[in-house]
Amino acid sequence: METTIKQIEDMSLNAWPSHKMELYDGWILRFSYFYTHRTNSVEQFGTSSLPWCEKIPYCEKVYERLGTPAIFKISPLVSKDFDYVLENRGYSIEHTTRVMTVNLDSACLCASYDQVVFTDNIPSCWIESLFDLKGTTNPIHRTVVPSMYRAIPKETLCASISHNGKIAATGLGILDRDYIGIYAIHVREDLRNKGYARQICTGLLKEGMNKGAQKAYLQVVEGNTQAQQLYESLGFSHFYTYWFRVQPDTHKQKELSH
């Protein structure tokens with residue numbers, strides 16, 4: 001199980017590059033102007049030689065200089081003691097996320113997906129539509145994030161459904177080894193519950209199989225019950241959970257102490 005978790009964690013790093021990255025003694029410090037927790041956090045990917053009491057303050061200073069709180073991703077591969085250390089430093093838990101997987105030969109892929117348009121590249125219009133669907137208005141994010149999508153080193157499968165000439169639903173499949181990772185499933189709010197997300201997921205999984213994928217993984221934030229139910233109906237099941245430990249607001253702490 002641990003080997004498979006490590007494989008999926010490595011593939012998710014490949015799937016979603018950050019704007020800036022620093023390697024530090026078996027850790028990778030990722031920075032993307034706080035676009036998402038995943039792309040703006042510290043991940044442990046190798047063996048460490050330095051003590052935590054030295055490394056954590058170092059990371060905090062790096063993120064302070066970059067203007068965001070320090071965030072650490074806590075997966076089953078990370079020591080529980082490390083999580084306790086962060087808790088004792090006042091770090092809170094945010095964005096608890098379930099990783100779900102499925103063997104594609106047993107997935108339920110009976111839905112038609114004839115409305116889905118696929119491209120091998122990631123068009124600018126798709127990225128702009130994704131921003132609109134997510135309500136992304138931050139000008140820095142809208143400037144920087146397109147380059148992050150274009151930096152994905154693996155083969156991609158971009159999916160969309162249009163309504164009245166505009167993209168109303170998106171999805172992204174990222175092929176890595178014998179997996180396809182499912183990302184960026186978003187549907188315009190007023191067009192939800194019409195089966196668009198199911199069509200896109202089904203299409204990505206079937207097209208992924210045509211390209212050699214045998215298994216699939218995805219990540220869903222805890223509490224997103226509707227999405228989780230959709231994925232379960234496609235055959236996905238919970239494999240493991242990770243979360244983020246977020247540094248407390250040091251300025252607020254100082255204000256409260258005075």
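Which residues does Gln-219 touch, not counting residues up to four places away in sequence? The legends below start there. The model is predicted: local features need pLDDT of at least 70, side-chain atom pairs count only at pLDDT 80 or more, and totals for chains, interfaces and linings use all residues. Residues are numbered from 1 along each chain as its sequence is written, and side-chain values use heavy atoms, with hydrogens and water left out.

**View 1. Surroundings of Gln-219 in strand 10.** Strand 10 covers residues 215-221; strands (E, at least two residues) and helices (H or I, at least four) are DSSP runs, numbered from the N terminus. Gln-219 touches Ser-12, Arg-38, Thr-97, Arg-98, Val-99, Tyr-183 and Tyr-242, leaving aside residues up to four places away in sequence. Contact means heavy atoms within 4.5 Å. Gln-219 is buried, at a relative accessible area of 19%. Buried means under 20% relative accessible area, exposed over 50%, and partly exposed in between (1.4 Å probe, protein chains only). Two polar contacts involve the side chain of Gln-219: one of 3.2 Å to the side chain of Tyr-183, and one of 2.6 Å to that of Tyr-242. A polar contact is a pair of N or O atoms within 3.5 Å; within protein, one must be able to donate a hydrogen and the other to accept it, and residues adjacent in sequence count only if both atoms are side-chain atoms.

**View 2. Val-99 and the partners of strand 5.** Strand 5 (residues 92-103) pairs with strand 11 (residues 237-246) in the antiparallel sense, over eight bridges. Its pairing with strand 10 is also antiparallel, over seven bridges. Strands pair if DSSP finds at least two bridges between them. Val-99 stands opposite Tyr-240 in strand 11. Val-99 also stands opposite Gln-219 in strand 10.

**View 3. Aromatic pairs.** The structure holds 16 aromatic pairs. The rings of Trp-16 and Tyr-149 have centres 4.7 Å apart and planes at 45 degrees, so this pair is tilted. It links distant parts of the chain, 133 residues apart: Trp-16 is in the loop between helix 1 (2-15) and strand 1 (20-24), Tyr-149 in helix 5 (residues 139-150). Both Trp-16 and Tyr-149 are buried. Tyr-113 and Phe-118 form an edge-to-face pair, 6.0 Å centre to centre with 80 degrees between the planes. Phe-118 is partly exposed, at 25% relative accessible area. Rings of Phe, Tyr and Trp (its six-membered ring) pair if their centres lie within 6.5 Å; planes under 30 degrees apart count as stacked, over 60 as edge-to-face and the rest as tilted.

**View 4. A ring cluster, and Lys-55 over two rings.** Ring pairs link Trp-27, Trp-52, Phe-72, Phe-82 and Tyr-91 into a cluster. The charged end of Lys-55 sits over the ring of Trp-27, 3.8 Å from its centre. That charged end also sits over the ring of Tyr-24, 5.5 Å from its centre. A charge sits over a ring if NZ of Lys or CZ of Arg is within 6 Å of the ring centre and within 35 degrees of the ring normal.

**View 5. Leu-191 in a loop.** Leu-191 is found between strand 9 (179-187) and helix 6 (196-210). Its relative accessibility is 5%, so Leu-191 counts as buried. Leu-191 touches His-163, Ala-168 and Tyr-196, not counting residues up to four places away in sequence. The C-alpha atoms of Leu-191 and His-163 are separated by 9.0 Å, and the two residues are 28 residues apart along the chain.
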